[in-house]
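Welcome! Could you walk a newcomer through this protein, one question at a time?

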Amino acid sequence: MGERLHRGMHRCVAALARSGRDVVVNHVLLERRWAWDLADALAGVLAVLVGVRCPPEVLAARERARADRTLGQAVAQHAAVHAHGGYDVEVDTSSQGPDEAADAVMA
């Protein structure tokens with residue numbers, strides 16, 4: 001079910017982009033095959049892959065501060081999420097505020 005959901009989401013995002021919509025997707029690419037599938041779905045679409053990073057200790061503190069998170073999940077996923085290749089742009093949310101990070105992406 002999860003694989004079908006990811007494949008469908010990737011194709012939905014691509015269809016929206018191809019129809020002329022600007023699309024921002026917050027996606028945790030835990031599996032290499034998800035990253036490859038997303039790349040396949042977006043073939044021919046102008047896309048910018050943004051790596052959103054912060055140190056693991058900041059992830060853990062943010063997780064503790066939110067009541068809707070499974071503690072330890074973000075740190076456990078940290079290495080896997082960033083293991084699938086390079087990004088067009090990277091931001092560090094521990095040192096960049098939302099406006100500064102958005103400006104870096106738009107530049």
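What follows is a friendly exchange about the protein shown above.

Reader: Before we start, what kind of model is this, and how are its residues numbered?
Author: This is a predicted model, in which local features need pLDDT of at least 70 and side-chain atom pairs count only at pLDDT 80 or more, while totals for chains, interfaces and linings use all residues. Side-chain values use heavy atoms, with hydrogens and water left out, and residues are numbered from 1 along each chain as its sequence is written.

Reader: In what order do the helices and strands of the protein run?
Author: Helices (H or I, at least four residues) and strands (E, at least two) are DSSP runs, numbered from the N terminus. The protein has 5 helices and 2 strands. Read from the N terminus on, the order is α-α-β-α-α-β-α.

Reader: What share of the residues counts as buried?
Author: Buried means under 20% relative accessible area, exposed means over 50%, and partly exposed lies in between (1.4 Å probe, protein chains only). The protein has 107 residues, and the share of them that counts as buried is 22%.

Reader: Among contacts between residues at least 6 apart in sequence, what percentage joins residues at least 24 apart?
Author: A contact means heavy atoms within 4.5 Å. Among contacts in the protein between residues at least 6 apart in sequence, the share that joins residues at least 24 apart is 66%.

Reader: How many salt bridges does the structure hold?
Author: Side chains of opposite charge can pair when their charged atoms come close. A salt bridge is counted when a side-chain nitrogen of Lys or Arg is within 4 Å of a carboxyl oxygen of Asp or Glu. One of them joins D68 and R66, with the closest N and O atoms 3.3 Å apart. In total, the number of salt bridges is 6.

Reader: Which residue meets E3 in a salt bridge of 2.8 Å?
Author: E3 is partly exposed, at a relative accessible area of 32%, and E3 belongs to a network of salt bridges with E31 and R33. The 2.8 Å distance, N to O, is between the side chains of E3 and R33. E3 lies in helix α1 (residues 2-18) and its partner in helix α2 (residues 32-41), so the pair ties together parts 30 residues apart in sequence, and that partner is R33.

Reader: Is D37, the salt-bridge partner of R11, buried or exposed?
Author: The side chains of R11 and D37 meet at 2.8 Å, N to O. R11 lies in helix α1 and D37 in helix α2, so this pair ties together parts that are 26 residues apart in sequence. R11 is partly exposed, at 35% relative accessibility. D37, with 8% relative accessibility, counts as buried.

Reader: Which side chain makes a polar contact of 2.8 Å with H27?
Author: A polar contact is a pair of N or O atoms within 3.5 Å; within protein, one must be able to donate a hydrogen and the other to accept it, and residues adjacent in sequence count only if both atoms are side-chain atoms. H27 sits in the loop between α1 and α2. Not counting residues up to four places away in sequence, H27 touches H6, M9, H10 and L38. The side chain that makes the 2.8 Å polar contact is that of H10.

Reader: And which side chain makes a polar contact of 2.7 Å with H82?
Author: H82 is in the loop between α4 (73-81) and β2 (89-92), and counts as buried at 15% relative accessibility. Leaving aside neighbours within four places in sequence, H82 is in contact with V52, R53 and Y87. The 2.7 Å polar contact joins the side chain of H82 to that of Y87.
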